[in-house]
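Notebook open. I want to look up the cysteines first, then the core.

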Amino acid sequence: MVVRACLWEVDLQASFDVDHVKIYLRSDPRYDQKNDYKQFIGSRIWLGNNLCGVSSEADVAPDDDGFKSIYNIPCPKDAYGRKVRIEKLYSYLVICEVQVMVRNDNLGDSDEMPTTTPSLSN
């Protein structure tokens, strides 16, 4: 039996103790924002070989427009990994953006915090 799965993965280039993964779903006008957030329920979020969690309706929050489109998936303490993977069996993913949030004590001795604003250069 062949199991079909859609997946999204990012390589963080180093191993981190991840606190949580925040996932923003599509919100363009062609997407059914009122109901299709349920499509993401049951997606598995992995940190390396550690399962952070399986998305449920309890994990979803509304965006600025009031549509349920933001999932916040906590990872277990001391779950280190280099790659974050999101997978959905027998269906498709409708992801717009993914934020991987590391624990503050994992940032080292640097006084400089990572930026949340992209920098532009020519």
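Is Cys52 buried or exposed? I get 11% relative accessibility, so Cys52 counts as buried (buried is under 20% relative accessible area, exposed over 50%, partly exposed in between, with a 1.4 Å probe and protein chains only).

Note to self: this is a predicted model, where local features need pLDDT of at least 70, side-chain atom pairs count only at pLDDT 80 or more, and totals for chains, interfaces and linings use all residues. Residues are numbered from 1 along each chain as its sequence is written, and side-chain values use heavy atoms, with hydrogens and water left out.

Next I looked for disulfides (cysteine sulfur pairs within 2.5 Å). My search of the whole structure turned up one. It joins Cys52 to Cys75, S to S 2.1 Å. The link is right-handed, with 90° about the S-S bond. Cys52 sits in strand β3 (residues 50-54) and Cys75 in the loop between β5 and β6, so the pair ties together parts 23 residues apart in sequence. Strands here are DSSP runs of E, at least two residues, numbered from the N terminus.

I checked other cysteines too. Cys75 is buried at 7%, Cys6 is partly exposed at 29%, and Cys96 is exposed at 54%.

Then the largest nonpolar core (buried Ala, Val, Leu, Ile, Met, Phe, Trp, Tyr and Cys joined through side-chain atoms within 4.5 Å). It has 18 residues, and Val21, Ile23, Leu25, Ile45 and Tyr71 touch the most other members. β1 (5-25), β2 (44-47), β5 (68-74) and β6 (80-89) each give two or more residues. The largest share, four residues, comes from β1.
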